[in-house]
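Hello,

Here is the structure I promised to pass on to you. Have a look at it first, and then read my notes below.

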Amino acid sequence: MKNKIIKIRNLYKKFDDKYVLNNINLDLYEKESLAIIGKSGSGKSVLLKCIIGLLKPDKGSIKIYDQEIVNSSNKIKEKILLNFGVTFQNGALFDSLPIWENIVFRNMKLNKMNIKEAQILASSIIKNLGLNPKIIHQFPSELSGGMQKRVSIARAICDNPNILLFDEPTSGLDPITGDLIDDLIKNNVAKLGVSTITITHDMSSVFKYANRVILINENKIDWSGKPKEMLKSNNLTIKKFLNTK
C-alpha cells in the first residue's frame with residue numbers, strides 16, 4: 001500500500017454565509033496522479049489554495065507528510081511548502097522579471113545561486129520542455145499563452161518538488177497546444193516520480209495522465225474512482241462531463 005502524503009479530513013470553507021467546500025475528505029498517495037473535476041465555482045481552486053495555505057479553512061484538517069498545516073505557524077507552513085511545485089490557471093508569472101528569473105526565483109533565494117548558475121539551470125529546464133533556451137532572456141508578455149504555460153511548469157519543477165499542483169494547465173489553449181502540455185505533465189511526472197493534483201475540465205487530459213479522479217459537485221465530493229470507471233458511472237454530472245446520456 002502506498003503512503004498517504006496528503007490527508008484532508010472534514011474540511012469546510014465558506015465565504016460570507018455560503019460554503020464553498022463542504023466536508024471534504026480526500027487523500028493523495030505517493031506517486032499518484034489525481035485529477036479533480038467539477039463545474040466552475042464548485043470549489044476546486046479553493047481546495048488547492050487551502051492545501052498550499054493561500055486560504056485558511058473554517059474547519060477541518062490538512063496533513064502533509066503527517067504534519068498538520070491548518071493553524072500551524074508560518075515557519076512550519078514554509079517548510080512544508082518547500083515540497084510543492086504549483087502552476088496557476090493564469091500562469092502567475094512575474095511580468096517585470098525575465099523568464100530565467102521567473103523559473104529560478106525560489107531556487108536562487110534558497111540555494112544562493114549566482115546569475116550565471118541560475119541562467120544555466122533555467123536554460124536546461126526550458127530545453128527539456130521543448131522550448132528554445134534563448135527565450136530565457138525574454139519577458140512573459142513576449143511569449144504566447146502556451147509558452148507561458150510551459151514556463152510555469154518549468155518554474156514548478158525547478159526545485160525537484162515531491163508534490164505538483166496544476167490548476168487548469170490547458171485552460172484557454174488550442175487542442176494541439178493543450179495536448180502538448182498534457183504530454184509535458186505526464187512525461188515529467190513519470191520522470192520525477194512525484195505526486196500530482198490536477199484541476200481540470202479537460203476530460204482528454206484526465207484519461208491521459210490521471211490514476212484517480214474526484215468529482216466535486218455542489219461543493220462536496222460526489223464521485224471518486226479510476227478514469228475508466230467513469231465510462232460505466234451512472235452519476236449524471238460525470239455523464240455530462242463525458243457528453244454521454
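**The largest pocket**

The lining of the largest pocket is made up, by class, of 16 nonpolar, 4 polar and 6 charged residues. Please keep in mind that this is a predicted model. The volume of this pocket is about 740 Å³. A total of 26 residues line the pocket, and L81, F84, V86, F88 and R106 are the closest to its centre. Helix α3 supplies the largest share of the lining, 6 residues. Four elements each provide at least two lining residues: α2 (74-81), β6 (84-87), α3 and α5.

**How α3 and α5 meet**

Two of those elements, α3 and α5, also pack against each other, so to speak, as a pair of helices. Helix α3 covers residues 99-111 and helix α5 covers residues 145-157; their axes lie 7 Å apart, at an angle of about 30°. Because of that angle, α3 counts as roughly parallel to α5. The crossing of α3 past α5 is right-handed. On the α3 side, the residues in contact are I99, N102 and I103, and they meet V151, A154 and R155 of α5. Sorted by class, this contact has 4 nonpolar, 1 polar and 1 charged residues.

**A closed cavity**

How many cavities of 30 Å³ or more does the structure hold? There is 1, and the volume of the largest cavity is about 40 Å³. Its lining consists of T87, F88, K149, S152, I153 and P169. Of these residues, 3 are nonpolar, 2 polar and 1 charged. Helix α5 gives the most to this lining, with 3 residues. F88 is worth finding in your viewer: this residue lines the cavity and is also among the residues closest to the centre of the largest pocket.

**The second largest pocket**

The second largest pocket has a volume of about 180 Å³. Two elements give two or more residues to its lining, namely α4 (115-128) and α6 (175-192). Which of the elements contributes the largest share? That is α4, with 4 residues. The lining is formed by L121, S124, I125, N128, L129, I157, C158, N160, N188, K191 and L192. By class, these residues divide into 6 nonpolar, 4 polar and 1 charged.

If you would like a place to start, try the α3 and α5 pair: α3 gives the largest share of the lining of the largest pocket, while α5 gives the most to the lining of the largest cavity.

Best wishes

Key: Residues are numbered from 1 along each chain as its sequence is written. This is a predicted model: local features need pLDDT of at least 70, side-chain atom pairs count only at pLDDT 80 or more; totals for chains, interfaces and linings use all residues. Side-chain values use heavy atoms; hydrogens and water are left out. Axes are lines fitted to C-alpha atoms, for helices over the stretch in contact, and angles run from 0 to 180 degrees between N-to-C directions. Angles under 35 degrees count as roughly parallel, over 145 as roughly antiparallel, 65 to 115 as roughly perpendicular and the rest as oblique. A crossing is left-handed if the near helix is turned anticlockwise from the far one by less than a right angle, and right-handed if clockwise. Contact means heavy atoms within 4.5 Å. Ala, Val, Leu, Ile, Met, Phe, Trp, Tyr, Cys and Pro count as nonpolar, Asp, Glu, Lys and Arg as charged, and the others, Gly among them, as polar. On a 1 Å grid over the protein atoms alone, a cavity is a set of points where a 1.4 Å probe fits but cannot get out, and a pocket is an open set with protein on both sides within 12 Å along at least five of seven lines; lining residues have an atom within 4 Å of a point. Grid points are joined across faces, edges and corners, and a volume is the space filled by probe spheres set on the points.
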